[in-house]
Amino acid sequence: MIRLGSLRGSLGHLILNTLNFFLNNKNSKDTLVIATPKKEISNYFVYKILTNKFKSQKVFFNNSILLKLTYKILNKFKKKFNFFNKLICNIEWLHHDNSKELYGSKYNFDENFYHMVPDFEFEEKDKTFFSEWKKKKNINKKFVCISSRDSGFYEEQLENPRNFNFEDYNKLIRMLLKKNYIVIRMGRKFIKNFDFSNNNYIELYQQEKNNSKLDVIETFLFKECEFIISGNSGIDAFAALFKKKIFITNNFPAGRIPRYLNCTFIPKLYSSNDRIINFNNIPKKILLSEEIEKLQKEKINLINANSRDIENMVREYLENKNYSGIDISKKSFVVEGRNSNSSICPLWYSKNKNLFNNEIS
């Protein structure tokens, strides 16, 4: 049977949904036609990497607007006409399957594919271009990719709990520069530039936003960096694509542990009536909620990590040869990621371990 589908164009879902679907459906007997118009794709170079890997005699990728429209019509009426379900291949909205409404989420990010991610091939012309670009930018030593989500990219009108100020990385960036790293700020269309006045600090989008090869540069930087530092954002999916070490700042929501193979994180704290809440006391119905309205209804406020804790998370990893993170994936409040390899920052945990005890007050 021929089934129509589409890839989700936003970066995180483009990477994660595509990997999730094709790595968990290797033995499908259907012929799949996957139509994703170019204008919907946030990083076309990543799109080409993924589609070149997963195309086959039974899987066809294209950028047809007409086929995408056909798919959308079938998808819209699938509940009314059950037969349409057999004609649809759900990749675009895969993160909505088996949603965790009981925990306040319309999503399901409890994926199990990260250990199956293959290596990806690159054309020599792209590798040569990136090598020459690095020389022009004097990127001739170890570098890290760093980002924080803000409301600029999607021009958000409502507060998004995943956002935090890039300035919170100030101490961390200074520490990395002293340790002779080049620090490259990733992400696009952020609200405010960070003027660091240091030749080893680069704001990629500010310098390369008019470069037609920005997608290529961005992708290779994530591929070749020493590690990634990010908040919860689509851009952190590069850690899955290239199996990179990643530090996640202000991990959120509380009930979701990152699934990356090599991840250290610091979680956001939840507070109510000016008191920080034990993680085991966070109401079940908001453990996975990302909607600020639901949190406000429960009179919950969120507290970000301070700049010193963020710096120490990475410093501890770099300076401690016997570094070992703290596994909290089996705690009762964890809904997604219970078999995760991710671990919480040991130094941060030692100061806040009372927030994880099993005594529910």
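Here are some short exercises on the structure above, each with a worked solution.

The model is predicted, so local features need pLDDT of at least 70 and side-chain atom pairs count only at pLDDT 80 or more, while totals for chains, interfaces and linings use all residues. Residues are numbered from 1 along each chain as its sequence is written, and side-chain values use heavy atoms, with hydrogens and water left out.

**Exercise 1. The whole protein**

Find out how the radius of gyration of the protein relates to the globule rule.

Solution. Start with the secondary structure: the protein has 11 helices and 14 strands. Helices (H or I, at least four residues) and strands (E, at least two) are DSSP runs, numbered from the N terminus. Next, take the radius of gyration, which is calculated over C-alpha atoms. The value is 21 Å, close to the 21 Å that the globule rule gives for 361 residues, so the protein is as compact as a globular protein of that length. The rule itself is 2.2 Å times the number of residues to the power 0.38. Finally, look at burial: 54% of the 361 residues count as buried. Buried means under 20% relative accessible area, exposed over 50%, and partly exposed in between (1.4 Å probe, protein chains only).

**Exercise 2. A covered helix**

Work out how many residues of helix H7 are buried.

Solution. First locate H7 at residues 214-224. Then count: nine of its 11 residues are buried, which leaves the helix mostly covered. Among them are Leu214, Val216, Phe220 and Phe222, together with the charged Asp215 and Glu218.

**Exercise 3. A strand residue**

Decide whether Val144 is buried or exposed, and list what it touches.

Solution. Step one is the place: Val144 lies in strand E5. Step two is the accessibility: because its relative value is 0%, Val144 counts as buried. Step three is the contacts (heavy atoms within 4.5 Å). Leaving aside residues up to four places away in sequence, Val144 touches Leu176, Tyr181, Ile182, Val183, Ile184, Cys225, Glu226 and Phe227. As a last step, go back to Phe222 of H7: its C-alpha atom is 8.3 Å from that of Val144, although the two are 78 residues apart along the chain.

**Exercise 4. A buried acid**

Identify the nearest side chain of opposite charge to Glu316 and say how far away it is.

Solution. Begin by finding Glu316 in helix H10, residues 307-319. Glu316 is buried yet has no salt bridge; such a bridge needs a side-chain nitrogen of Lys or Arg within 4 Å of a carboxyl oxygen of Asp or Glu. The nearest candidate is Lys351, 9.6 Å away. Beyond four places in sequence, Glu316 touches Tyr323, Cys345, Pro346 and Leu347.

**Exercise 5. Features in loops**

Compare what each of these loop residues shows: Asn280, Pro253, Asn138 and Asp274.

Solution. Take them one by one.

- Asn280 lies between strand E12 (275-276) and helix H9 (292-297). Its relative accessible area is 13%, so Asn280 is buried, and its side chain reaches the backbone oxygen of Asn357 at 2.4 Å.
- Pro253 is in the loop between strands E9 (246-251) and E10 (263-267). The peptide bond leading to it from Phe252 is cis, with omega near 0°.
- Asn138 sits between helix H4 (124-136) and strand E5 (143-146). Its phi is positive, near 55°, and the residue is not a glycine. At 54% relative accessibility, Asn138 is exposed.
- Asp274 lies between strand E11 (269-272) and E12. Asp274 also has a positive phi, about 65°, and is exposed at 80% relative accessibility.

Technical notes
Polar contact = N/O pair within 3.5 Å; in protein donor to acceptor, adjacent residues only side chain to side chain.
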